[in-house]
Amino acid sequence: MRKLTTFHYVDIHSHILYGVDDGPDNIETSIEMMKIAYDEGIRKIVATPHYHPGKCTMGYEQLRRNFELFKEQMKDVCPEIELALGREIYYTSDILDDLEAQAHLTMEDSKYILIEYHPTVEYSYLRTSISNVMQMGYTPVIAHIERYMCVLEDWKLALELKNMGAVIQVNAGSVIGDSGSKVKKFIKRLLKEEIVDVIGTDAHSNGRRSPRIQECAKYICRKFDEDYAKALLRDNAERILKGEYLED
Ligand SMILES: [Fe+2]
């Protein structure tokens with residue numbers, strides 16, 4: 001019999017907020033996503049709308065307004081789930097200027113920033129970008145590291161990035177094989193080597209990309225142990241939101 005997890009989850013990466021990016025475009029879908037998240041055992045969600053220079057750059061004031069309205073609307077739907085606000089930043093060279101100009105691209109009010117890249121990003125570019133944002137005083141959380149071909153081909157590069165000070169995030173669906181067996185095997189290796197820091201759903205909808213996390217939690221409990229699952233699915237996310245350091 002499968003061991004059931006006995007704790008709740010914090011989803012550090014979610015496109016649940018409607019009308020701001022390629023996530024849901026109406027409140028009904030956001031509500032459906034919220035209900036799925038609740039049933040999955042998620043009790044805190046960080047909305048991380050895309051920030052992509054030239055493509056998706058809703059200003060902070062407007063985003064905060066949308067978020068507060070969303071929070072108000074969700075109070076009646078699912079009062080048990082707490083909501084926080086972050087961004088998922090697509091790294092380009094413009095990002096450094098943007099980070100300097102606006103203080104609100106971080107996860108809540110911390111110094112952690114969630115960064116994504118093109119899947120075919122070159123490793124040297126990835127490494128330099130991590131070093132650049134760290135020099136500015138931010139701690140980069142690399143979104144879904146399993147998506148970058150250069151790292152997927154050589155898991156030790158993920159370790160190198162972690163050793164530089166980056167936080168490593170993987171998607172819950174990828175852990176259990178939704179992105180194929182090669183990716184699943186890659187993540188299993190990262191988990192074995194204790195390279196992964198945090199797991200999020202990266203949910204975009206109430207359909208194929210919905211906020212599912214429970215199967216992933218069960219998988220980690222089964223293959224590793226519950227303490228590891230707690231760290232990856234709850235505790236490290238909490239630390240990030242509080243701006244605390246993650247434990248080695
Ligand atoms: Fe995302």
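This is a walk through a predicted model, from its metal site to its core, its charged pairs and its cysteines.

Let's begin at the iron ion. Which residues hold it? The protein donors are His13 and His15, each through NE2, together with Glu88 through OE and Asp202 through OD. These atoms lie 2.1 to 2.2 Å from the iron ion. If you trace the donors along the chain, their spacing reads H-x1-H-x72-E-x113-D. His13 and Asp202 bring distant parts of the chain together: His13 sits in strand E1 (residues 9-14), while Asp202 belongs to the loop between strand E9 (198-200) and helix H9 (214-223), and the two are 189 residues apart.

What about the geometry? For four tetrahedral donors the ideal angle at a metal is 109.5 degrees. Here the four donor atoms subtend angles of 81 to 174 degrees around the iron ion, and the arrangement is therefore irregular. To count as tetrahedral, all angles would have to lie between 85 and 135 degrees. Do keep in mind that water is not among the atoms, so sites may look incomplete.

Are the donors His13 and Asp202 buried or exposed? His13 is buried, with a relative accessible area of 0%, and Asp202 also counts as buried, at 3%.

Asp202 has a second partner besides the metal. Its side chain meets that of Arg209 in a salt bridge, with 3.6 Å from N to O. Side chains of opposite charge can pair when their charged atoms come close. In this pair the two ends have different surroundings, because Arg209 is partly exposed at 29% relative accessible area, whereas Asp202 is buried at 3%.

Other charged pairs are worth a look too, as the count comes to 14 salt bridges. One of them joins Lys182 and Glu153, at 2.8 Å from N to O. This pair also links distant parts of the chain: Lys182 lies in helix H8 (residues 181-192), and Glu153 is in the loop between helix H5 (149-152) and helix H6 (156-164), 29 residues apart. Lys182 is partly exposed, with a relative accessible area of 46%, and Glu153 is exposed, at 53%.

A more local example is Lys218 with Glu215, whose side chains meet in a salt bridge at 3.8 Å. Why are these two separated by about one helical turn? They are three residues apart in helix H9, which accounts for that spacing. Lys218 is buried, with a relative accessible area of 12%, while Glu215 counts as partly exposed at 35%. Beyond simple pairs, Lys44, Glu82 and Glu238 are linked in a network of salt bridges.

Now turn to the nonpolar interior. How many residues make up the largest nonpolar core? It has 87, and those with the most contacts inside it are Ile142, Ile145, Val151, Ile199 and Ile220. Helix H10 (residues 226-242) gives the largest share of this core, seven residues. To see the packing up close, centre your view on Val151. Leaving out residues up to four places away in sequence, Val151 touches Leu126, Ile145, Leu157, Ala158, Leu161 and Phe186.

The cysteines come next. A disulfide is a covalent bond between the sulfur atoms of two cysteines. How many disulfides does a search of the whole structure find? The search finds zero. Take Cys221: its closest cysteine sulfur, in Cys216, is 9.4 Å away, so the two are too far apart for a bond. Cys221 is buried, with a relative accessible area of 7%. Cys56 counts as buried as well, at 17% relative accessibility.

Two further residues round off the tour. His52 is found in the loop between strand E3 (50-51) and helix H2 (60-77). At 17% relative accessibility, His52 counts as buried. Setting aside neighbours within four places in sequence, His52 is in contact with Thr57 and Tyr90. Lys185, by contrast, counts as exposed, at 66% relative accessibility, and is found in helix H8. From the C-alpha atom of Lys185 to that of Asp227 the separation is 21 Å, and the two residues are 42 residues apart along the chain.

Note on methods. Residues numbered from 1 in each chain as written. Predicted model: local features only at pLDDT ≥ 70, side-chain atom pairs only at ≥ 80, totals over all residues. Heavy atoms only, no water. Donors = N, O, S within 2.8 Å, 3.2 Å for Na, K, Ca; no water. Tetrahedral: all angles 85-135°; square planar, octahedral: opposite > 155°, others 65-115°. Helix = DSSP H or I, 4+ residues; strand = E, 2+ residues; numbered from the N terminus. Buried < 20%, exposed > 50% of the residue type's maximum accessible area, 1.4 Å probe, protein only. Core = buried A, V, L, I, M, F, W, Y, C linked by side-chain atoms within 4.5 Å. Contact = heavy atoms within 4.5 Å. Salt bridge = Lys/Arg side-chain N within 4 Å of Asp/Glu carboxyl O. Disulfide = S-S within 2.5 Å.
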